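Got your viewer open? Here is a short tour, with something to select at each stop.

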Amino acid sequence: MQSSDKSSTNWNSRELTHGWQLGIRAFYWGLGFSDEDFDKPQVGIGVPLLEGNICNAHAYALAQDIEDGCREAGLLGFKFGVPGISDNITQGHEGGNASLISRNIIASNAEMVTSAHKYDALIGLHHCDKNGPGFAMALARLNYPGFILSGGSIAPGCHKGKPITILDPYEAQAKLAIGEIEASEVQEIVRNACPGPGGCGIAASFNTWGIAMEAIGLMPPYSSSIPAEDPLKAEEVRQAGNLVKILLEKNIRPRDILTFESFRNATVAIAAAGGSTNGILHLLALACECGIDFNLQHIQEILRRTPVLCQFAPRGRGTMVDLHRLGGTPMLLKHLWRSGLLNPDCLTVTGLTLGQNLALAPDLPANQELITTMDKPFREYADMQVCFGNIAPNGIVFKASSLKSASFHGRAACFSDSRDIIEAVQQHKITPGTVVVLRGLGPVASGMPEVLVATSALGVPELYGKVAMISDTRVSGVSHGAIGVHCSPEAAVGGPIAWIQDGDRIEFDLLRGTIHCDVPHDEWIERSQKHVIPPQIYERGYMAEFAATVSQAHHGCVPNWVLQRPRD
């Protein structure tokens, strides 16, 4: 913890409010400052503004509640906007390229605004998949007091008297393509799946990150599980001013919270919850921002030893609203702690340890089917696993909830466009025993878009659990099946995934942590020597700028300059 005069809660902003440049103060008077306001700490409130996305539709209203709560606590909160990209609306077209890029832009945007205006703290709102990771990266980079608040999950929709989520329209579309459902029913599902504001309400990327941030200590208790439209959400965010005041008074900084053990806690939590592979990518990025050596080898060891204890969708049918009713994320984390899976001694943004926070949480309720115990896991090892081998020398992250066995082998069918996979499924060209290879969509090539449309196509009954997919891009947390993603290095920089040919035998073993293309070594080397890396031509400026600076997936796709900084 950094030493500082605890009375100097305006440790940074006072350089402007009491600095030598009188012209700066003129703007503050214009903002309506009173004499007392010049001594108050200033808090930047990062708001992902995107009214055209239900995840973010209520972001500004919650930000106003945060600002009001800051004033009630004797602080000054100032809202500022960051770009928001909808991971759902951008699925399956060029807009998907912007998703991961927006995370890095949010990080730099929040860093820029907060440091340039010398705010004393930063609060970031997490509404859609890349919002929270971007703000977490900014907090680690700045090391200013602050935290992340979740905008909350959407309520489930309803179809034929049963709850449905965003997962259902994608599954229905795949079933429609092979004639297993009527078009009229698909339209009913699509109309009713998303009844209001909030992030996707299952254990997809949005909630994976919320659970991870509560476990790591950078999000206050219950924030990730209180639904968007629950009256408790407005009450919760209004308390943010009091919480940031504690951080300022105690001078608790993000890097006091973000330690190797807290990263371990976060990884265990999302593995036990059956979370998204995107959470792994973002944790790697956050570790790089902190200068902490927490890598895929560490994650591989953790995932092997962590059982799946939750049945959230997409592996089951549970939602975050169900978790809220059972006692919220702190109840789940308490269960993991009492099961010997979490380190309770890590500091959190409450100023207390994780164990002190969780001691106040309710116990796991009886007579429920969402969360199980260590002696009856839904799976003895995590659905997510990390493999290394001649296809992925720097690693590939699997989510294999559909596989009954930890190993798989099959013949390669290579693609460069997810739409071609859909067409191949419809034409029954992909059969059981196939390993679909989707490449040329990594961070440098295409910004690593999510390919939910492809994984949904492979989720039809005749293929589910009987095929696998490997790729250098990402998949949505809504995806499920047997999917290996974030293959590093990617094809566009000469990665071995580019050398695979149709018909090659590919095998992987999740628990041994291996993946291999069964080609004679001499032939494999010959393919590498003959492979020509195609030039990359970008139609969008944001894509070209990202590609020029981005690292590979095993580093979380942070900008390369982050890796070149000297570590503390």
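Start with Asp-420, which is partly exposed, at a relative accessible area of 36%. Keep in mind as you click around that this is a predicted model. Asp-420 sits in helix H18, which runs over residues 418-426. Now add Ala-454 to the selection and draw a C-alpha to C-alpha distance: the pair is 8.6 Å apart in space, with their positions 34 residues apart in sequence.

Next, go to helix H13 (residues 277-290) and pick out Thr-277. Is Thr-277 buried or exposed? Thr-277 has a relative accessible area of 2%, so it counts as buried, the cut-off being under 20%. To see what surrounds Thr-277, leave out its neighbours within four places in sequence and show its contacts: Met-384, Val-397, Phe-398, Lys-399, Val-475, Val-485 and His-486.

Now for the nonpolar cores. The largest one has 97 residues, and Met-213 and Phe-263 are the ones with the most contacts inside it. Colour helix H12, residues 260-272, to see where the largest share of this core comes from: the helix supplies 7 residues. Then centre on Met-213 and again skip neighbours within four places in sequence; Met-213 is in contact with Ala-136, Ile-148, Leu-218, Met-219 and Leu-286.

Last stop: a second core, separate from the one around Met-213. This one has 30 residues, and you can find it by selecting some of its members, including Leu-403, Ala-468, Cys-487 and Ala-491. As background, nonpolar side chains in soluble globular proteins tend to be buried together.

Note on methods. Residues are numbered from 1 along each chain as its sequence is written. This is a predicted model: local features need pLDDT of at least 70, side-chain atom pairs count only at pLDDT 80 or more; totals for chains, interfaces and linings use all residues. Side-chain values use heavy atoms; hydrogens and water are left out. A nonpolar core is a set of buried Ala, Val, Leu, Ile, Met, Phe, Trp, Tyr and Cys residues joined through side-chain atoms within 4.5 Å. Buried means under 20% relative accessible area, exposed over 50%, partly exposed in between (1.4 Å probe, protein chains only). Helices (H or I, at least four residues) and strands (E, at least two) are DSSP runs, numbered from the N terminus. Contact means heavy atoms within 4.5 Å.
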